[in-house]
Amino acid sequence: MHRALQCLCIVSVGLLASCSGSPASVPEGTFEYTLSDQHNAIADPTVEASSIKASPSASIEIDAKDYSFNVPETLGVTGPNAIHLYQSNSDNKYRCPWNDGQPIILNGETLESFDGKASFQGFQEGQSFILAIGHDNIAEAEGQKLVFKPLWVATLDVARP
């Protein structure tokens, strides 16, 4: 699966609405993750990235305050504006706006379903996800396909430690 992620350049998906911002406090039992290239499948195509191993939880906090994104000029963007979360073996796809410099909580309150049907039910044991941080055209996408330009991509596997 990592090989497929390394080849990921632009993902086109159906239009979705924007979700609310991150909550001010971290919910109890939140799995905390600090962004790094160790898990980034597109950082170096010659190295296979390891997946993130997360404990089952209702939410994940992503801390990117010390992470510097490599933004190729060819993408025509200045940095990330969204997190996309794709559940493996499922049609469930979610989005949350990027909050530069602040930790971001991913949970049922902050993640909005692409199709507006499947609300996010937490990170449950045995599930796998593709977690992608990048830039999408959500603000300009009315009447056109949403285009997502990934800057950081990882697999996330949920299991008890």
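Trainee: Let's start with a single residue. Does histidine 39 count as buried or exposed, and what is its relative accessibility?

Mentor: Keep in mind that this is a predicted model. Buried means under 20% relative accessible area. Histidine 39 has 10% relative accessibility, so it counts as buried.

Trainee: Where is the place of histidine 39 in the chain?

Mentor: Histidine 39 sits in the loop that runs between strand E2 (31-34) and strand E3 (52-54).

Trainee: And which residues does histidine 39 touch, leaving out those up to four places away in sequence?

Mentor: Its partners are Tyr33, Ala49, Ser50, Ser51, Ile52, Trp152, Val153 and Ala154. With tyrosine 33 there is a polar contact, side chain to side chain, at 2.8 Å.

Trainee: Let me step back. How many helices and strands does the protein chain have, and in what pattern along the sequence?

Mentor: The protein chain has one helix and 10 strands. Reading along the sequence gives α-β-β-β-β-β-β-β-β-β-β. Of its 161 residues, 45% count as buried. As for the surface, the accessible area comes to about 8,500 Å², and 47% of that belongs to carbon and sulfur atoms.

Trainee: What percentage of the contacts between residues at least 6 apart join residues at least 24 apart?

Mentor: For contacts in that set, 73% join residues at least 24 apart in sequence.

Trainee: Now the sheets. How do strands of a sheet pair in general?

Mentor: Strands of a sheet pair through backbone hydrogen bonds, and the pairing is either parallel or antiparallel. Here, one open sheet has three strands in the order E2-E4-E7, with mixed pairing. E2 and strand E7 (104-106) stand at its edges with a single partner strand each, so one side of each has no neighbour in the sheet. From one strand to the next, the twist averages 25 degrees.

Trainee: In which sense do E2 and E4 pair, and which residue stands opposite tyrosine 33?

Mentor: E2 and strand E4 (residues 60-63) pair in the parallel sense, over four bridges. Tyrosine 33 stands opposite isoleucine 62 in E4. That's the tyrosine whose side chain makes the polar contact with histidine 39.

Trainee: What about E10: how many of its residues are buried?

Mentor: E10 is mostly covered, with 10 of its 13 residues buried. E10 pairs with E3 in the parallel sense over three bridges, and alanine 54 stands opposite valine 158 there. E10 also pairs with E9, this time in the antiparallel sense over nine bridges. In E10, aspartate 157 has serine 128 opposite.

Trainee: On to charges. How many salt bridges does a search of the whole structure find?

Mentor: The search finds four salt bridges. To read one, check the distance, then the places of the two residues, then their exposure. Try lysine 53 with aspartate 157: their closest N and O atoms are 3.4 Å apart. This pair links distant parts of the chain, with lysine 53 in strand E3, aspartate 157 in strand E10 (residues 146-158), and their positions 104 residues apart.

Trainee: How exposed are lysine 53 and aspartate 157?

Mentor: Exposed means over 50%, and partly exposed lies between that and the buried range. Lysine 53, at 58% relative accessibility, therefore counts as exposed. Aspartate 157 is partly exposed, at 23%.

Trainee: And which residue forms a salt bridge with aspartate 136?

Mentor: That's arginine 95, with the closest N and O atoms 2.6 Å apart. Aspartate 136 lies in strand E9 (residues 128-136) and arginine 95 in strand E6 (residues 93-97), so the pair ties together parts 41 residues apart in sequence. Aspartate 136 is buried, with a relative accessible area of 1%, and arginine 95 counts as buried too, at 2%.

Trainee: Where do glutamate 125 and arginine 160 lie?

Mentor: They form a salt bridge with closest N and O atoms 3.2 Å apart. Glutamate 125 is in the loop between strand E8 (112-113) and E9, while arginine 160 is in the segment after E10, 35 residues away in sequence. Glutamate 125 is partly exposed at 48%, and arginine 160 counts as exposed at 57%.

Trainee: One last residue: in which strand is glutamate 112 found?

Mentor: Glutamate 112 is in strand E8 and counts as partly exposed, at 24% relative accessibility. Glutamate 112 and cysteine 96 are 16 residues apart in sequence, with 6.5 Å from C-alpha to C-alpha.

Definitions and conventions: Residues numbered from 1 in each chain as written. Predicted model: local features only at pLDDT ≥ 70, side-chain atom pairs only at ≥ 80, totals over all residues. Heavy atoms only, no water. Helix = DSSP H or I, 4+ residues; strand = E, 2+ residues; numbered from the N terminus. Buried < 20%, exposed > 50% of the residue type's maximum accessible area, 1.4 Å probe, protein only. Contact = heavy atoms within 4.5 Å. Areas by Shrake-Rupley, 256 points an atom, 1.4 Å probe, with all protein chains shown as cover. Polar contact = N/O pair within 3.5 Å; in protein donor to acceptor, adjacent residues only side chain to side chain. Pairing = 2+ DSSP bridges. Axes fitted to C-alpha atoms, helices over the stretch in contact; angles between N-to-C directions. Salt bridge = Lys/Arg side-chain N within 4 Å of Asp/Glu carboxyl O.
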